[in-house]
Amino acid sequence: LLTRARKMSGGVGTLKGVLNMANSMIGVGILAMPFCVQECGLILGSLVLLLAAILTLWSCKMLIMASHLAKALTYGCVAETVHGKWGMFLVHISTIGINVGTAIACFIIIGDSIPPILTNYVTLTVSLVVLRTVVVTLMGVLVAFPLCLIKDLNTISHVSTFCISFYILFVVQLSITAFPALTDGSLESAVLWRWEGLLTSVPIISVAFSCQTLLLTVYTAEPDPIPRKMSFIIDAGILLVTLIYSLGALLGYISYCTAQVKGDVFANMPITFVVQLTRLGFCLTAATSFPLLVLPSRESINSLLYGQVSLPISRKQFVLTTALIVGFSLLVAILFPKVEVVLTITGATMVPFLCYMYPPILLLKLSTAPNKKAKILVVVGVLLMVLSVASVVFSSTEGGGASGLPVITGPLNLTPPLSPQGVVTPLALAQQREHKNIDRNRRHADMSARSNMVVQHAANSADKVDGGGGGEQWVNKLSLFLPLLSLSLSGQKRHRLLP
């Protein structure tokens, strides 16, 4: 079975396995890391990142140990060994929900990021809605779908190398931005510890480290799949991701600690050619990372529909399943650009269960040896699910994004079009500014019309009272007073609208 699994995915060397592991975790979530540090403070935020990395490390190693004890090749097969068909069904549904949800979020981010950038450099007669549809469709059909047809993890590792290199360059860019803040004393205004930020930050960070759905695929693709070798791949992959996340979070927060750090750190950056080019790069990494999202989803669908897990499927089944996943994600992203609420709720329930609760439960069932770490991780997983759901409910009640992230996730609120956790996207910001300008112009026009009516009425009344002799002088005084009154009323209304 291991030989057949390796032929299906291609033998992968240790370094390439590390890159695939890292790329399965890291992504546009790095854009929300400075926001998380702002919410918790420099010290507490760094500790939360470190704790999430340790818990992910425990969870991954427990899943590998459970796979070894159950002599199973996939997450679903391990669950079937322990809890039967219902365990396998639950794992497959959660795997599909997490990965397809992430794919939809990536398409939404691409659709909200690229069109506003194109309109800055190219004169187009079509609306942003049409342009968004065209851009998302082209990225899905010409980039994501062909890459998802690749079976060989060895080839996919080249894409992972590109993505990881780009994230490192982004961290370098943030370090350049943060350097002035380190020298001009801006860091003195940085917050070090905020307990109240945990409700928003913990769910975002825990989702950013999730990689368990692809873990056993990388494991079985190794030329010599033994737990000790996979343990090194897990250690190296999580260490690399932790370094990138930590540096991105700290440098991003330091760069803009004197202002309000947005859920999407790009919203704090000046609109320059380099920044827009970097945002395009993130969209490209999101599209090229689709194979790592589709691969576990395809395995789960094949298992549910055809009952095939380790055995090769026909080329027709392979292409149809891939087209189904990419096509569904693309269609939902186009038709429901604000599907972030559903995606956030999915992430708040399925991710804690599949990535933190279930691996230790499987290990405890398969192993007779006492394991305190597994019991601790089960409790942490339950608490994380409760905290994540509470964050979604709280953010929705407060009128924010579904999750509270900057819309990269409103908390990637994917809300202002979050994101999967609350991040405000460029398209949403542009629409928001446009609506504000229209409302402001309408209010000014209404006030001007009312002022003119009052002046005219006063003039007519004055003419009737004194025959027109003193009316003109009185109206002149009134016409000087009314603009001041209008400005005063406008200012009071503006203060009431401000949060």
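Helices carry the secondary structure here: the protein chain has 17 helices and 0 strands. Keep in mind as you read that this is a predicted model. Of the 499 residues in the protein chain, 52% are buried. The area that the protein chain exposes comes to about 22800 Å², and 68% of this area is supplied by carbon and sulfur atoms.

**Two helices, α12 and α13**

Let us start with helix α13, which covers residues 315-335. Helix α13 has 21 residues, and the distance from its first C-alpha to its last is 30 Å, close to the 30 Å expected at 1.5 Å a residue. The buried residues of α13 include Gln317, Phe318, Thr321 and Thr322, and further along the helix Ile325, Val326, Ser329, Leu330, Val332 and Ala333 are buried as well. What do the buried residues of α13 pack against? Their partners are α5 (75-121), α6 (128-148) and α12 (290-306).

Helix α12 deserves a look of its own. From its first C-alpha to its last, α12 reaches 23 Å, close to the 24 Å expected for a helix at 1.5 Å a residue. This helix is mostly covered, with 13 of its 17 residues buried.

**Aromatic pairs**

How many aromatic pairs does the structure hold? There are 12 aromatic pairs. Two of them are set side by side here.

| Pair | Centre to centre | Angle between planes | Arrangement |
|---|---|---|---|
| Tyrosine 75 and tyrosine 358 | 6.3 Å | 20° | stacked |
| Phenylalanine 170 and phenylalanine 282 | 4.9 Å | 90° | edge-to-face |

Tyrosine 75 belongs to helix α5 and tyrosine 358 to helix α14, so this pair ties together parts that are 283 residues apart in sequence. Both tyrosine 75 and tyrosine 358 are buried.

The phenylalanine pair is edge-to-face because the planes of phenylalanine 170 and phenylalanine 282 stand at 90°. Phenylalanine 170 sits in helix α7 (residues 153-183) and phenylalanine 282 in helix α11 (residues 273-288), so the pair ties together parts that are 112 residues apart in sequence. Phenylalanine 170 has a relative accessible area of 2%, so it is buried. Phenylalanine 282 also counts as buried, because its relative accessibility is 3%. Ring pairs join these two phenylalanines to further rings, giving a cluster of Phe166, Tyr167, Phe170, Phe266 and Phe282.

**Leucine 366 and serine 206**

Now for two single residues. Leucine 366 is found in helix α14, which spans residues 340-366. Is leucine 366 buried or partly exposed? Leucine 366 has 26% relative accessibility, so it counts as partly exposed. Buried would require a relative accessible area under 20%. Residues up to four places away in sequence aside, leucine 366 touches Ala66, Leu69, Ala70, Val78, Thr81 and Val82. Methionine 65 is 301 residues away from leucine 366 along the chain, yet the C-alpha atoms of the two are separated by 9.3 Å.

Serine 206 is placed in helix α8, residues 198-208. Why does serine 206 count as buried? Its relative accessible area is 7%, so serine 206 is buried. Which residues is serine 206 in contact with, leaving aside its neighbours within four places in sequence? These are Val351, Tyr356 and Leu384.

Definitions and conventions:
Residues are numbered from 1 along each chain as its sequence is written. This is a predicted model: local features need pLDDT of at least 70, side-chain atom pairs count only at pLDDT 80 or more; totals for chains, interfaces and linings use all residues. Side-chain values use heavy atoms; hydrogens and water are left out. Helices (H or I, at least four residues) and strands (E, at least two) are DSSP runs, numbered from the N terminus. Buried means under 20% relative accessible area, exposed over 50%, partly exposed in between (1.4 Å probe, protein chains only). Accessible areas come from the Shrake-Rupley method with a 1.4 Å probe; for residues, only the protein chains shown count as cover. The expected span of a helix is 1.5 Å times one less than its number of residues. Contact means heavy atoms within 4.5 Å. Rings of Phe, Tyr and Trp (its six-membered ring) pair if their centres lie within 6.5 Å; planes under 30 degrees apart count as stacked, over 60 as edge-to-face and the rest as tilted.
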